[in-house]
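The exercises below ask you to read strand pairing, chain contact and core packing from a model of two chains. Work through each task with the sequence and the coordinates at hand before turning to the solution.

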Amino acid sequence: MNATKSNGGSRSQKIFRFILRLLPFDFRTNYEREMAGVFHQQHREAEKQGGAIGLVKLWLETIGGIFRTAPREHWEILRQDCGYAFRMMAKNKGFTAIAVLTLALGIGANTAIFSVVHSVLLSPLPYRQGQQLIYIRQQARKANVDDIGFSVPEIMDYRGQNETLSSLVEYHVMSFTLFGHGDPDRVKTAVVSWNYFEMFGVKPILGRTFTPKDDEIGAPAVLVLTNEYWRDKFGADPKVVGKTFEMNDRVHTVVGVLPPIPQYPLETDVFMPTSACPYRSADSHIKHREMRMMEVFGRLKPGVTLGQAQADLSTIAARLESQYPKFYPANIGYGVSASSLKENLTHDAQPTLLVLLGAATFVLLIACANVANLTLSRMARRERELAVRTALGAGRSRLLRQLLTESLILAFIGGVIGLLLAYDSLELLTKFAARLSPRASEIRIDAGVLLFTVLAALGTAIVFGTVSALFSHANLTSGLKEGTAGSGVNRSRNRMRSVLIVSQVAFSFMLLIGAGLMLRSLFKMLNVNPGFQTQHVLAMRVNVNWSKYGSPDQYALFAKKLVEKIQAQPAVLSAAVSSSYPLEPEILAGGPNSNGFQVKGEPLAPGQAPPIADTVFITPDFFSTLGVPLLSGRVFANTDDAKAPPVVIVNEAMQHRFWPSSNPIGQQISFDDGEHWRQVVGVVGDVHDLGLDHVPDLQAYEPVLQNGGVGTLVVRTAIADPLVMAHQLTRAILDVDPTTAVSGILSLDAARSDSVSTPRTTASLLGVFGALALLIATAGIGGIMALTVSQRVHEIGIRIALGAQPSRVLYMILGHGVGLALLGVAIGLVGALGLTGLAKSLLFEVTPTDPVTYFAVALVFVSAALLAGYLPARRAAAIDPIEALRCE
Amino acid sequence: MFHILLALADGERHGYAILKEVAMRTDDKVRLSAGTLYGNLARLEASGMISESGNRPAFGLDDERRRYYRLTEFGRSVAVAEAQRMEAALSQARAKHLFRKTETA
């Protein structure tokens with residue numbers, strides 16, 4: 001009987017003590033035993049007097065009491081700790097400012113980069129069932145062409161024969177000129193299947209989208225406006241539906257307005273159904289299998305995987321290949337590939353963004369190490385205070401809890417400022433990300449990003465709070481026995497500080513290596529000879545009202561008149577009309593005009609894919625305007641017109657490929673299966689038209705005067721900043737034809753600079769991160785050296801008294817700092833060698849192990865350590881031994 | 001709180017004794033549990049109204065885990081002030097004949 005009773009008693013004691021855990025640790029240490037005693041007696045009494053009912057009543061009262069007491073006690077402690085922390089922070093303004101600023105930069109950098117990663121890489125596409133959307137490409141794998149586009153017959157085949165897609169839509173972008181609303185307006189027009197919006201799950205906010213009827217050939221032309229265009233050009237006019245405009249010589253009626261949705265893959269102004277596009281609806285496109293210019297999107301049927309769809313589409317590809325061997329020769333490696341739309345829209349951005357996120361994480365880690373370091377050195381000064389409080393009865397955990405509260409407060413203030421910094425940088429980042437992914441317009445700071453910031457702040461507080469708390473832990477007991485045991489503690493804390501410094505150096509080193517590699521890669525790009533001269537040249541897009549110009553002759557006439565008019569302007573040295581110019585943003589985004597050709601005397605083997613040249617149409621002064629060197633033969637003349645024999649100019653790469661040892665002048669090539677032959681009249685230098693890091697391939701130039709192809713105007717001026725002539729030149733163009741829309745006016749210098757803006761931004765972001773890290777690490781080295789010197793005053797004094805040369809002391813202290821830096825560099829080196837491989841795809845003509853970069857960055861660190869250690873070292877060398885020893 | 005101060009008015013007591021005294025005096029109407037008792041004790045101690053007593057009963061009579069609490073001068077004056085406040089309130093209530101029935105009885 002007694003045994004069972006005491007058993008029951010001990011079990012309830014256990015339960016009671018378990019519930020007591022809700023109370024703060026200090027409260028428990030203070031009262032737990034007594035409370036257990038009280039409860040024990042109450043329990044015995046209740047058992048004796050009230051039996052089961054009494055016990056139940058006791059338990060209810062006891063549990064209720066603890067649940068009421070616990071929050072009060074915790075709150076009380078939190079209040080005290082916060083109050084104490086704020087007083088400490090106010091007292092140490094310098095420490096607080098540096099800690100908060102460091103944390104704000106670390107957390108801000110992470111929040112900013114994460115907001116981009118979150119919106120671009122992580123969040124689902126903002127369309128209904130976005131994961132079902134796929135992007136389909138036809139490929140010529142053996143010719144290394146990733147995307148050859150689709151022709152109308154091919155779209156029909158894939159749409160009709162597939163069994164895995166619920167819909168398949170086409171898309172292409174054209175620029176048309178819109179009349180009837182102020183100046184002629186050049187509008188980027190997406191030409192799409194009628195069910196395009198239905199497939200993406202987009203509903204109009206005004207009017208309707210397209211119907212199957214709109215898609216029939218000959219249907220009245222209709223337009224759907226994008227939200228942005230509707231706001232910009234029509235001031236969000238609610239009555240815009242029903243308005244008519246003239247485009248391509250036809251009346252177009254606005255039938256609807258889209259909601260503000262991110263537009264993939266390109267931003268456009270208006271949408272039209274395929275029937276309204278004069279090219280797409282022409283017989284030449286509808287009937288010809290090789291007229292490929294469309295992109296294709298699809299939606300998987302519910303439950304169908306990407307793999308199943310891929311297999312299904314590949315079956316169709318194989319069928320087409322055997323059905324039409326003429327269009328799909330065996331050796332081009334014809335195939336079809338389906339990828340998730342999300343993957344397709346983001347895979348360009350992925351390496352850059354992940355590298356930046358990694359860099360930002362490094363910055364935060366360095367910030368943590370720095371604040372932990374600051375806290376430790378402050379701890380040295382607070383040691384007595386903490387020890388006194390321990391002696392006065394404050395539990396150790398109570399003090400640790402208070403230190404963590406301080407860390408949390410610092411981290412959260414840092415977090416809030418960091419969030420503001422991130423918010424501030426959002427616009428810049430969006431611009432940057434827009435070059436990497438069309439999803440950039442979705443970038444915003446939302447709940448997910450806020451959660452990330454809170455977690456980052458929390459993690460930061462825990463990391464640096466724990467490091468500092470752990471090392472104050474060792475000190476609390478010995479803090480009062482100052483001077484004796486204190487030096488041992490100092491040593492362990494100094495060791496911890498050294499570890500923190502070394503890790504800061506290591507992480508900063510990796511960051512700076514990253515930045516250095518990107519920078520070197522950027523310089524290599526900028527130093528590439530582009531094959532043309534960008535200075536003083538102004539370029540613009542000239543969008544002729546094509547419906548006015550039926551034949552190439554009319555284009556030729558316009559081009560001739562335009563060039564004459566422009567060349568007559570003051571300060572114009574030369575001018576040319578062309579279909580595009582090198583590094584033109586539209587070409588960089590949309591790709592060049594590539595055409596297959598054959599060389600006379602070198603017939604293609606049956607089924608052999610023809611070589612492909614980027615073809616540009618130009619007027620005679622194109623090369624002199626751009627400063628492209630003529631290597632042999634002649635440039636075009638105004639006499640090379642439609643009445644003269646067809647001519648072509650080729651680039652150096654073409655000469656090397658086809659006529660390495662013979663004279664290319666007089667040779668003949670054909671772009672239309674041998675129907676017409678063009679005679680080579682000149683060879684010019686290779687031009688980097690697709691990007692400074694893009695090795696020029698085969699290039700061919702044909703006269704505008706024979707073929708038409710008016711797209712852009714390039715003007716060499718006598719003015720340093722040619723942009724000042726923009727207005728004057730636009731007027732001159734409108735004088736020649738007032739229905740022309742002029743757009744995209746920029747200097748070639750700007751075009752060249754824009755073409756490397758992505759690597760430049762990546763390099764500068766990494767550079768800023770790296771510089772920040774270097775600064776923090778250097779300050780850390782300086783700090784620890786100063787501390788070491790002040791702790792070793794006695795020892796150094798004795799050494800000097802015993803005859804040590806001041807210079808030796810100087811070197812000793814400097815050596816210590818440099819030693820720390822070298823250790824950090826060595827660790828960082830290993831890390832960098834392991835990590836930079838990941839950034840390989842971002843580099844141009846620089847290997848991830850580029851010795852120059854590594855050497856330079858290591859040198860920077862050692863010099864920084866020398867610099868940081870110099871002042872403390874000089875102080876050490878100047879120690880007066882008598883003074884030092886008297887201090888004893 | 002007042003009940004705890006009152007329980008200590010006539011001498012030092014340990015926790016369980018305080019709890020019993022309060023229950024007895026109030027006819028079990030005020031029942032303290034271990035949690036509320038020590039929560040209040042902690043508060044009273046922190047504000048200096050009670051303190052831990054150094055005096056303990058002779059060795060052997062004492063349960064080792066018991067601590068004894070006593071009223072400080074400050075605690076006593078707080079208790080007195082509270083009692084006076086209540087007394088004043090009570091006499092005002094009497095003056096207004098709030099307790100007519102009980103008065104006659």
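**Exercise 1: the sheet of chain B**

Task: find which residue of β3(B) is the bridge partner of Ile50(B), and then place the strands in their sheet.

Solution. In β3(B), Ile50(B) has Leu71(B) as its bridge partner. The model is a predicted one, in which local features need pLDDT of at least 70 and side-chain atom pairs count only at pLDDT 80 or more, while totals for chains, interfaces and linings use all residues. Residues are numbered from 1 along each chain as its sequence is written, and chains are lettered from A and ligands numbered from 1 in the order in which they are written.

Next, consider the pair of strands as a whole: β2(B) is joined to β3 (residues 68–71) of chain B by three bridges, and the two run antiparallel. Strands here are DSSP runs of E with at least two residues, helices are runs of H or I with at least four, and both are numbered from the N terminus; two strands pair if DSSP finds at least two bridges between them. The three strands of chain B form an open sheet with antiparallel pairing, in the order β1-β3-β2. Because β1 (13–14) and β2 (50–52) of chain B stand at the edges with a single partner strand each, one side of each is left without a neighbour in the sheet.

**Exercise 2: the contact between the chains**

Task: determine how many residues each chain gives to the contact, and which element of chain B supplies the largest share of its side.

Solution. Counting residues whose C-beta atoms, placed from the backbone, lie within 7 Å as in contact, one obtains 16 residues from chain B and 18 residues from chain A. On the side of chain B that touches chain A, α2 (15–25) and α3 (34–46) each supply at least two residues, and the largest share, seven residues, comes from α3(B).

**Exercise 3: the strands around β7(A)**

Task: establish in which sense, parallel or antiparallel, β4, β5 and β6 of chain A each pair with β7(A).

Solution. Begin with β4 (residues 206–207) of chain A, which runs antiparallel to β7 (residues 250–257) of chain A and is joined to it by two bridges; here Leu206(A) has Val257(A) as its bridge partner. Strand β5 (residues 221–225) of chain A pairs with β7(A) in the parallel sense over five bridges, and Leu225(A) stands opposite Val257(A). Finally, β6 (residues 244–247) of chain A and β7(A) pair in the antiparallel sense over four bridges, with Phe245(A) and His252(A) as bridge partners. These two strands, β6(A) and β7(A), form a hairpin with two residues between them, and Asn248(A) in the turn has a positive phi of about 50°.

**Exercise 4: the core and overall form of chain A**

Task: identify which residues touch the most other members of the largest nonpolar core, and state how the radius of gyration of chain A stands against the globule rule.

Solution. In this core of 101 residues, Val363(A), Val505(A), Phe509(A), Leu511(A) and Ala773(A) touch the most other members. A nonpolar core is a set of buried Ala, Val, Leu, Ile, Met, Phe, Trp, Tyr and Cys residues joined through C-beta atoms within 7 Å, and a residue is buried if 20 or more other C-beta atoms lie within 10 Å of its own. Helix α14 (residues 486–527) of chain A gives the largest share of this core, 17 residues.

For the overall form, the radius of gyration of chain A is 37 Å, whereas a compact globule of 888 residues would have one near 29 Å; the radius is taken over C-alpha atoms, and the rule is 2.2 Å times the number of residues to the power 0.38.

Key. Two residues are in contact if their C-beta atoms, placed from the backbone, lie within 7 Å. A residue is buried if 20 or more other C-beta atoms lie within 10 Å of its own, exposed if 12 or fewer, and partly exposed in between; C-beta atoms are placed from the backbone.
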